[in-house]
Amino acid sequence: MKAVVIENYGGKEELKEAEVATPKAGAGQVVVEMKATSINPIDWKLREGYLKQMMDWPFPIILGWDAAGVISEVGADVTDWKVGDKVFARPETTRFGTYAEYALVDAPLLAKIPDNVSFDEAASIPLAGLTAWQALFDHANLQAGEKVLIHAGAGGVGTLAIQLAKNAGAYVITTASAKNAAFLKELGADEVIDYKTTNFADVLTGVDVVFDTMGGDIQKDSFRVLKDNTGRLISIVGEPDAELAKAKNVLAKSIWLAPNGEQLQAFADLMAAGKVKAVVGATFPFSAQGVYDAHALSETHHAKGKIVISF
């Protein structure tokens with residue numbers, strides 16, 4: 001099968017097309033004929049070599065950890081799925097990712113693509129959607145009526161987090177550029193703070209939950225807006241300052257996504273009901289050049305919604 005691989009760590013020019021062995025389904029696994037995948041910051045961070053201590057894999061490495069497609073093969077002990085099912089998933093993080101014509105997925109990680117959702121839309125959801133879900137609900141325990149601040153609301157994770165938080169009955173505040181304000185209000189944001197003109201920490205107080213997708217000074221400033229004693233700061237970009245957390249007596253932690261088919265199915269059910277929608281900001285073809293261009297856009301940190309690779 002055709003795949004886009006890296007054979008060394010480095011820049012986007014390391015992305016190459018290669019012929020690799022088509023995966024075979026083992027027990028408890030399926031093979032998905034890929035129709036779309038999407039780009040996440042982990043893809044290019046791994047490509048650059050920033051994660052090699054964590055994931056010390058031999059080359060070649062196939063990046064990509066969002067799958068949407070049709071089941072082409074079912075392994076032993078798989079009872080819930082059959083060949084021809086339209087599915088999407090956040091597969092386990094291995095060196096055999098989803099920038100390939102076929103991908104291997106453990107059956108418990110699969111969810112059914114709703115009839116009203118395209119392959120491109122489905123591919124945009126798993127990694128970013130599960131990240132938002134787990135941050136808001138598993139770790140922050142966000143409740144109806146609470147006030148949540150979601151940083152970088154126009155990004156891949158932010159657009160989904162806004163919708164999930166609104167659907168859960170929270171009061172949703174987000175930071176974004178002014179040009180995206182109307183769009184984010186349509187998604188469910190109650191308040192959009194233009195980060196170019198206003199420091200959120202100067203205008204907000206009494207926030208129950210901060211979802212930090214930025215790190216650095218933004219993460220530090222986020223402590224200022226949190227409620228003492230009951231506030232929660234959940235970061236996906238770096239370990240929060242323990243001293244700042246202690247000073248306000250708040251929960252502050254960094255999280256790493258856990259692939260989860262049941263949560264993804266719950267997300268799919270919200271999409272089927274029209275309560276949450278995918279936001280695909282850009283689409284590129286499946287080729288070394290297409291992936292190169294997609295990585296270039298992702299690295300700007302200014303992509304709107306998700307960046308999808310369509311097969």
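Visitor: Which way does α3 pass α4, left-handed or right-handed?
Guide: α3 passes α4 in a right-handed crossing. Right-handed is said when the near helix is turned clockwise from the far one by less than a right angle, and left-handed when it is turned anticlockwise. This is a predicted model, where local features need pLDDT of at least 70, side-chain atom pairs count only at pLDDT 80 or more, and totals for chains, interfaces and linings use all residues. Residues are numbered from 1 along each chain as its sequence is written, and side-chain values use heavy atoms, leaving out hydrogens and water.

Visitor: Thanks! What do the labels α and β stand on?
Guide: Helices (H or I, at least four residues) and strands (E, at least two) are DSSP runs, numbered from the N terminus.

Visitor: Back to the helices, then. At what angle do the axes of α3 and α4 cross?
Guide: They cross at roughly 50°, and the axes come within 8 Å. The axes are lines fitted to C-alpha atoms, for helices over the stretch in contact, with angles from 0 to 180 degrees between N-to-C directions. α3 and α4 are therefore oblique to each other; under 35 degrees counts as roughly parallel, over 145 as roughly antiparallel, 65 to 115 as roughly perpendicular, and the rest as oblique.

Visitor: And which residues meet there?
Guide: From α3, Ala128, Gly129, Thr131, Ala132, Trp133, Leu136 and Phe137 meet Gly156, Val157, Leu160, Ala161, Leu164 and Ala165 of α4. The residues of this contact are 10 nonpolar, three polar and no charged. Contact means heavy atoms within 4.5 Å. Ala, Val, Leu, Ile, Met, Phe, Trp, Tyr, Cys and Pro count as nonpolar, Asp, Glu, Lys and Arg as charged, and the others, Gly among them, as polar.

Visitor: New topic: which residues of α1 are buried?
Guide: Ile42, Asp43, Trp44, Leu46 and Arg47 are buried in α1. Buried means under 20% relative accessible area, exposed over 50%, and partly exposed in between (1.4 Å probe, protein chains only).

Visitor: What covers those buried residues of α1?
Guide: The cover includes β1 (2-6), β3, β4, α3 (126-139) and α10. Just after α1 comes Gly49, with a positive phi near 100°.

Visitor: Where does Pro60 lie?
Guide: Pro60 is in the loop between α1 (41-48) and β4 (61-62). The peptide bond from Phe59 to Pro60 is cis, with omega near 0°.

Visitor: What sheet does β4 belong to, then, and in what order do the strands come?
Guide: Three strands form an open sheet in the order β2-β1-β4, with antiparallel pairing. β2 (16-19) and β4 are the edge strands, each pairing on one side only. Two strands pair if DSSP finds at least two bridges between them. Between β1 and β4 there are two bridges, and Val5 stands opposite Ile62 in β4.

Visitor: How about Glu33: where is its place?
Guide: Glu33 is in strand β3, and its bridge partner in β7 is Tyr102. Five bridges join β3 (residues 29-39) to β7, and the two run antiparallel. Glu33 is partly exposed, with a relative accessible area of 30%.

Visitor: What does Glu33 touch?
Guide: Leaving aside residues up to four places away in sequence, Glu33 touches Ala68, Gly69, Val70, Ser72, Glu101 and Tyr102.

Visitor: Last one: which residues are on the covered face of β7?
Guide: Ala103 and Val105 are on the covered face, while Tyr102, Leu104 and Asp106 are on the uncovered one.
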